[in-house]
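Work through the exercises below with the model open beside you. Try each task before you read its solution.

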Amino acid sequence: MGSPSPASHPRCRLRPGPAPQQPHEAAPHPTVRHPDETEPSIQFHPTILLFPDLDEEDLQALADDIRTNGLLHPVVLDGGSRVIDGRNRLKACEIAGVEPSYTTYDGNDPSGYALSANVHRRNLTKGQIAMITAKACSLTERGDCSETERSSRSVSEQLGVSLGTVGKAGIVLQHAPDLVDPVIAGAMGLDEAYATARENKAKANSAEVQLTRLREADPELADRVVEGYLTLAGAWAEHTARVEEDKRERRVATRLLDEVVPVLAKARGTRTFSRYDPAFASGTPITRETIAHAVTALAEMDQVWQERDLP
C-alpha cells in the first residue's frame with residue numbers, strides 16, 4: 001500500500017510538521033462544526049475534495065497496511081492547516097486506530113500540489129484527470145487561475161493528458177455541470193459528457209441568437225422572457241400572433257380608406273354636398289359634428305402620409 005512520497009515532487013517544499021496530534025487539533029484557524037459535535041472537524045482544501053474516495057475494500061486494505069507497517073507517508077497540510085494530501089490515509093488511520101502524522105507544504109500553490117500528488121497515486125483515467133484539473137481551476141481561491149493552469153499543464157504533460165482533453169472538460173464544466181461529478185467518479189466517460197455539453201452549448205447559442213432577434217422585433221416580449229414570465233418559444237408564438245393581428249388590422253384599415261377617401265375626393269367641386277337630404281340617409285344622418293370629425297380625420301391622415309413620405 002506504499003506510494004511515492006509527496007516530498008519527491010519537484011514543486012513541493014516541505015518543512016517538518018508539528019508532533020503527531022488529533023486531526024482537528026492540526027488547524028488553528030476557525031473550523032466547521034456540526035451541530036452534534038463538541039470538537040471542530042478537520043478541514044480539507046477544495047481541490048482534494050474533487051478526488052473520488054477509495055472504495056470500502058481498498059480503504060480497508062490501506063487501514064490493514066497502516067496497522068501493520070504504520071503510516072509511511074504523513075498527511076500533508078497547507079499553510080492554513082487544511083489537508084491537501086492524505087484524506088484517505090486519515091480515514092484509514094481512524095479505522096486502524098493509528099495516530100496520523102502531519103507535515104506542512106511550504107510552497108505557494110497548494111491547489112497545484114494537491115492535483116499533482118493525488119493524481120500520481122490514483123488509478124484514474126485521462127478523462128477523470130482532465131475533469132478534476134478543470135474543476136480545480138474553477139474552484140481556485142485566486143482571482144485568476146494562472147498558478148493552477150500552470151499546474152494543470154504540468155500534470156497534463158507528465159501523465160500524457162493533452163490540454164485539448166482538459167479543454168473538453170472545461171466545456172463540460174460550463175455547459176453540462178451535472179455531468180462533472182459522474183465523470184470524476186468514473187461513472188461516465190469524458191467523451192460522452194463532452195458530446196452532451198456540445199449539444200447544450202449549441203442550444204444555448206441558438207437561444208441567445210433567438211433572444212437577440214426577439215429583442216430587435218419586440219423588446220417588451222424579450223424582457224418578459226429574461227424576467228421568467230415567458231418561455232422563448234412562448235414569446236415567439238405571441239410575437240407571431242401580434243404580427244398576424246397587425247396585418248389583419250392594416251388590411252381592414254386599408255380597405256376602409258380605399259373605399260371612403262377616393263369617393264369623398266371625387267365629390268369635391270360638385271353639387272353632391274348641396275344635394276344631401278337627411279330623409280334619404282341609409283343610416284345615421286350626417287351632422288356638423290360628423291363633418292368636423294371627418295375633417296380632423298383627413299388632417300390626421302395627411303400628417304401620417306407626410307411622416308411616411310407617401311405620395
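**Exercise 1.** How do the axes of H6 and H8 cross, and how should the pair be classed?

Solution. This is a predicted model.
- Step 1: Take the distance and the angle. The axes of H6 and H8 come within 8 Å, and they cross at roughly 50°.
- Step 2: Class the angle. Roughly parallel needs an angle under 35 degrees, and roughly perpendicular runs from 65 to 115. H6 is therefore oblique to H8.
- Step 3: Add the hand. The crossing of H6 with H8 is left-handed.
- Step 4: List the contact. H6 supplies Thr 165, Lys 168, Ala 169, Ile 171, Val 172 and His 175. H8 supplies Leu 190, Asp 191, Ala 193, Tyr 194, Ala 197, Asn 200 and Lys 201.
- Step 5: Sort by class. The contact of H6 with H8 has seven nonpolar, three polar and three charged residues.

**Exercise 2.** Which residues of H8 are buried, and what do they pack against?

Solution.
- Step 1: Place the helix. H8 covers residues 190–217, which is 28 residues.
- Step 2: Check its span. From first C-alpha to last, H8 reaches 40 Å, close to the 40 Å expected at 1.5 Å a residue.
- Step 3: Apply the cut-off. Buried means under 20% relative accessible area. In H8, Leu 190, Ala 193, Ala 197 and Leu 214 are buried.
- Step 4: Find the partners. The buried residues of H8 pack against H4, H6, H7, H9 and H10.

**Exercise 3.** Is Ala 207 buried, partly exposed or exposed?

Solution.
- Step 1: Locate the residue. Ala 207 sits in helix H8.
- Step 2: Compare with the cut-offs. Partly exposed lies between 20% and 50%. Ala 207 has a relative accessible area of 29%, so Ala 207 is partly exposed.
- Step 3: Look across the chain. Leu 232 is 25 residues away in sequence, yet the two C-alpha atoms are separated by 7.7 Å.

**Exercise 4.** At what angle do H9 and H10 pack, and how do they run relative to each other?

Solution.
- Step 1: Read the geometry. H9 (residues 219–226) and H10 (residues 232–266) pack at about 160°, with axes 9 Å apart.
- Step 2: Use the cut-off. Angles over 145 degrees count as roughly antiparallel. H9 and H10 are therefore roughly antiparallel.
- Step 3: Add the hand. Their crossing is right-handed.
- Step 4: Name the contact. H9 gives Glu 220, Leu 221, Arg 224 and Val 225. H10 gives Leu 232, Ala 235, Glu 238, His 239 and Arg 242.
- Step 5: Sort by class. The contact of H9 with H10 has four nonpolar, one polar and four charged residues.

Notes: Residues are numbered from 1 along each chain as its sequence is written. This is a predicted model: local features need pLDDT of at least 70, side-chain atom pairs count only at pLDDT 80 or more; totals for chains, interfaces and linings use all residues. Side-chain values use heavy atoms; hydrogens and water are left out. Axes are lines fitted to C-alpha atoms, for helices over the stretch in contact, and angles run from 0 to 180 degrees between N-to-C directions. Helices (H or I, at least four residues) and strands (E, at least two) are DSSP runs, numbered from the N terminus. A crossing is left-handed if the near helix is turned anticlockwise from the far one by less than a right angle, and right-handed if clockwise. Contact means heavy atoms within 4.5 Å. Ala, Val, Leu, Ile, Met, Phe, Trp, Tyr, Cys and Pro count as nonpolar, Asp, Glu, Lys and Arg as charged, and the others, Gly among them, as polar. The expected span of a helix is 1.5 Å times one less than its number of residues. Buried means under 20% relative accessible area, exposed over 50%, partly exposed in between (1.4 Å probe, protein chains only).
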